[in-house]
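Please report on how the chains of this model meet and on selected elements of one chain. Keep it brief.

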Amino acid sequence: MAAPFIDLPWGIILILLPLAAAMAAFLWPSMAKAVGLVTAVAVVVAVVGLGWQLLDHGLYRHAIGGWGAPLGIELYADGLSLLMLMATALVGFAVSLYAAAYFKAEDAARFWPLWLVLLGALNALFLAADIFNLYVTLELVGLAAVALAALTGSATALGAAMRYLLANLLASLAYLLGVALLYHGFGSVDIAILATRIAPAPVAFAALGLITTALLLKTALFPLHFWLPPAHASAPAPVSALLSALVVKASFYILLRLWLELFAPLGAGAGIDALLGLLGAAAVLWGSVQALRQSRLKLLVAYSTVAQIGYLFLAFPLALASSVAVWSAVAYLALAHALAKAAMFLAAGNLLRFGGHDRIADLDRAVQRLPLTTAAFALAGVSIMGLPPSGGFVGKWLLLEAALTQGRWGLALVMILGGLLAAAYVFKVLGYAFTPAAVAHKSTAVPASMEWAALLLALAAILLGFMAPLLLPLLGIGEPFGANGAGP
Amino acid sequence: MNTAVPYALVGVGLFALGFYALIVHAHLLRKILALNVMGSGVFLLLVALARRSGVALPDVVPQAMVITGIVVAISATALALTLMLRLAAASGRAELPDGRED
Amino acid sequence: MATLTLLQSAFDILLGAALLWLAWRALNCPDLFKAIVLFVAFGLLMALAWVRLEAPDVALAEAAIGAGLTGALLMAALARLRAMTPDEEDSAKRLPLRWLPLAALLLVATGLSYVVLTLPPEAAGLGAEVATHLNSSGVDNPVTAVLLNFRGYDTLLEMVVLLLALLGVWSLGGPPLRRKAAPGPVLDTLARLLAPLLILVAAYLLWVGGHAPGGAFQAGSVLAAAAVLLLLAGWRLPVALTALPLRLTLVAGPGIFVALAVGTLLLEGQLLQYPPAQAGVLILLLEAVATLSIGVTLAALFLGGHPQNDNNDQNNKEQR
C-alpha cells in the first residue's frame, strides 16, 4: 500500500495487532517476550498515528464489513476514546518493559499471550460504538483480567480471582440484559442511533439501572468494591498495575460514554447522578481510611484505587451545570490515576521483590537501597494526593473549582479530605522507607528496567500536569462532552 | 396467543432464580450453575421479545447474539470450573475464602 | 386451527413452567450430581423452547453447547472435585438475613416483568434490514449472514474469547489430580461407533449452515462432542501432535478471521468487507477452519490441562 504513514488504518491496527501478537506468543512461547515488547511499542506508535488522524480529520469512524449501523458494527473514536487509548498504550508500554524482566521462562509464556489479548480487548473496547460489541469486549477484558490475576497460583490469589470472576460474570449478564432491553425498546445496538431514539420509558430506566449497576460492580465503586482489594493485591505486580490502571477504567469508560450519550437526561431526572456522587464520596472516604489502616503495601495501594475511583463519580452531580469542564476533569483524573497507580504498583512490586515481603513497617531504608523505586512511589503519590504540578492536581482542581462555583460545599470538603488522607497514607509508606527496621532482612537485587519502568510512569503522571493546555483541546475532538453530551 | 411475552417472562424468572441462587449458595459449582441459568434467562428474553409483533419476518439478529452469548458462556464456565478445582486443591474447599469483605 | 393454537399455547405454558421448575430444582437440590443432571435436562428443554421460538440455529447451539458440552464439563469437574474433597456437600448458607436475597429475587422479577409488559407491541428490530441485505451476504441462512458477515467482527472477538478461555485454563495448569480410568467395554464401543457418526454430522451442519440451520459453532461443538467421547474412552492425542500442531489448530479459528480481516481491509478498504461475488466461498472457508478450531478448543477445555502434561504427570497433585 502506498498510503502515507498518517493514513494507515491505525484504529484497526490497535485492535488486530495485539490479538495477532497474542496468537504468535502462544504459538512460539520462546519468542513471547520479544513479540510482546515489539507490540507494546507498535501500539504506542499506532495511538500517535490515530491521534494525528483525529487532529486532521476530526472523528474516526469505520463501518466494519461496509454495512454501517444499524445492520453492521462501527468503530468510533473521539477525544475521550483517544485519551483512554493513550493511557492504555503508555501504561501498557511501561508494564511490558517491567514484565520482560519480572517474569521468568515458564511464567513469561503464560503472561504474554494473556496480556496481549487484554491489550487488544481494551483497545477494541475504547473503539467500540455498539453496545453488544461492548459486551463481547467486556467479556474479553474480564476473562483475561481474571486469568492474569490468578497467575501466581497461591491459594489467596486463586480465591481472589474466583471472587473477581464471579463478580465479573454477574455484571456481564446484568449488562447484557440491559442491552437486550435497549435493543427491544429502541431497535438498535448502535450508541449513536440509540441516542436519537431513547425516551423516558420504563424499559429505558430498567436498562439504565441494570447497565449502571453492572458497570459499577466492574468498576468497583463503593460498596461494590469488595472483590477489588484481594484481587489487585494478590496478583503479580505488573498485573496489579494493569488491573488498577486500565481494567477498572475500561468499565468506567463505558459507563461514562453511555451516560453522556444515552442516560444523562434520564438519570439526572431520577436523581441517579446525586446517588452516584454520594457513593463516590463514600468511596473516597472509606477507601482512603482503609488504605491508611493497611499493614501490607499492595493492599494499601489497592484500597487507594477504591478511593480514587470515588473521585471519578463525584463529577456526576456536578456535570449538569458545567458539563465540559467537569467531564474533562474526570477524563484527566482517569488518565492521571492510570499512570500514577501503575507506577505505585510497579514500585510496590520492586519493594516486594527486593525485601521478599511487602510489610510496610519493615521497608527498612528503602530510600537508600532502592532510590529510584522510592522516588517513583513518592512522585506517583504526589499525583494521587492531587498536589501541583501533577496530572492528578489538574483533574482534582478542575473538579474542585466546579464544586465551589456551584456551591457544593459537601463535595468540595470530601475532595479535600480525600487529598489529606491520601497524603497520610503516602507519607506513612515513605516514612517507613526512611527508617531502618529493627531486624535486618536479606535482599534480592531488582533489575534496573523494573525500577525505570516505575519511574517512567511516575514522571509521566507528574508531566501530565504541564500538558493540560495540550491535552484538553485534544479531548475536545468530536465534542464528546459538548453538543450531544450531558447538557441541560 | 403471542408466544413472545410468556417466554420473555420465563426468561425474567430464570434470571431472578439464578441471581438468588448465586447469592445464597456457598458452593462454587452451584454458583457456576446459577450464572448459567441467569445467562439462559437473558438469552430467552433477548430472542423471545424479537417475536412480539408476530410479523412473518422474525428478527434474527438477537439469535446471532445469543449464539455468541452461548459460546461466551461455555468459555467462562470452563475457566470458572478450572479455577474452582485449583482453589479446592489449594485450600481444600470449593467455596470462596471467608475473609472479610470489609 | 383454533384447537391447534390452544394446544400450542398449553404446550408453551407447560414448557415455561417446566423450565422454571427444573432451574429451581437444579439450583436448590442438595445433591450436586443430581443438580447437574437437572441442569442438562434444563438445557435440553431450553433447546425445545428455541424451536418453539423459531430459532433452530440457537436450538442446535443450545443442545450441543449449552446442555451437552457444558454438562460434560460440569460432570468432569464434579468427579475431580469429589476425588479431592469427598465429603463436602453443598447447602444454602445460613444467612442471618435470609429474606434479603429473597426480597431481591422478588424485586428483580417483578420490576423486569413490569418492563417486559410495558414494551410496545410492535418490535423495533433489524429484521427488515437483514432481509434487505441477505442477497449480498453470500449465504441464505440469515443467522449465518449476521454471525459471519453483518456482525462478523463480534464473531471474530468471540473466537478470541474461546481461545482466551483455553489460555486461562492452561495458564492455571488445568485441573489438578487427573485420573486415568480404564473405560468400560460399553463406552469403548459406543465411542468407536458414535465418533465417526458425530464427525459426519458436524460436516453436514457446517455445509448446510449457509442456507439452513447450522454453521460453524454448531458443527464445531458436535465435533467437540466426538472428541470428548474419544477422550472418555481413553484415547489421547499422539504426543507428536501435542506441541505446535495442536496450538496451530487452536489458533487457526481466530487466526484465519484476523487474516481475512486484514486481507479484506487491504483489498476492499473496509474491515471484513467481502467482495460480494466471493462472499459465499470466503464464508464457507472461514467456517470450515473455524469449525475444526472450535471443536478442538472445546475438547481441549474438556480435557483441562495441556495434553503434554497429561502424558507425563498423571499422579502429580500439584503441577507447578
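The report covers the contacts of chain C, then a strand pair, the nonpolar core and one helix of chain A.

**Contacts of chain C**

The model is predicted. Two contacts of chain C are set out here.

| Contact | Residues from chain C | Residues from partner | Helix of chain C giving the most | Nonpolar / polar / charged residues on the chain C side |
|---|---|---|---|---|
| C with A | 45 residues | 45 residues from chain A | α7(C), 12 residues | 28 / 11 / 6 residues |
| C with B | 82 residues | 66 residues from chain B | α3(C), 14 residues | 54 / 14 / 14 residues |

Start with chain A. Its contact takes 45 residues from chain C and 45 residues from chain A. On the chain C side, at least two residues each come from α4 (99-118), α5 (127-133), α6 (142-150), α7 (152-171) and α10 (244-268). The top contributor is α7(C), with 12 residues.

Now chain B. This contact draws 82 residues from chain C and 66 residues from chain B. Here α1 (2-28), α2 (32-52), α3 (56-84), α4, α5, α6 and α7 of chain C each supply at least two residues. The most come from α3(C), which gives 14 residues. By type, the chain C side splits into 54 nonpolar, 14 polar and 14 charged residues.

**A strand pair in chain A**

Strand β1 (residues 60-63) of chain A pairs with β2(A). The sense is antiparallel, over 4 bridges. A:Tyr60 has A:Ala77 of β2(A) as its bridge partner. In a regular strand, side chains alternate between the two faces of the sheet. Strand β2 (residues 74-77) of chain A is covered on both faces. A:Glu74 and A:Tyr76 lie on one side, A:Leu75 and A:Ala77 on the other, and all are buried.

**The nonpolar core**

The largest nonpolar core holds 398 residues. A:Ala149, A:Leu339, A:Ala343 and A:Leu457 touch the most other members. Helix α6 (residues 155-186) of chain A provides the largest share of this core, 23 residues.

Which residues does A:Leu457 contact, leaving aside its neighbours within four places in sequence? They are A:Val91, A:Ala94, A:Leu339, A:Ala342, A:Ala343 and A:Leu346.

**Helix α8 of chain A**

Helix α8 (residues 202-219) of chain A has 18 residues. From first C-alpha to last, the helix reaches 25 Å. That is close to the 26 Å expected at 1.5 Å a residue. α8(A) is mostly covered, with 15 of its 18 residues buried. A:Ala220 follows α8(A) and has a positive phi, near 65°.

Conventions. Residues are numbered from 1 along each chain as its sequence is written. Chains are lettered from A and ligands numbered from 1 in the order in which they are written. This is a predicted model: local features need pLDDT of at least 70, side-chain atom pairs count only at pLDDT 80 or more; totals for chains, interfaces and linings use all residues. Two residues are in contact if their C-beta atoms, placed from the backbone, lie within 7 Å. Ala, Val, Leu, Ile, Met, Phe, Trp, Tyr, Cys and Pro count as nonpolar, Asp, Glu, Lys and Arg as charged, and the others, Gly among them, as polar. A residue is buried if 20 or more other C-beta atoms lie within 10 Å of its own, exposed if 12 or fewer, and partly exposed in between; C-beta atoms are placed from the backbone. Two strands pair if DSSP finds at least two bridges between them. A nonpolar core is a set of buried Ala, Val, Leu, Ile, Met, Phe, Trp, Tyr and Cys residues joined through C-beta atoms within 7 Å. The expected span of a helix is 1.5 Å times one less than its number of residues.
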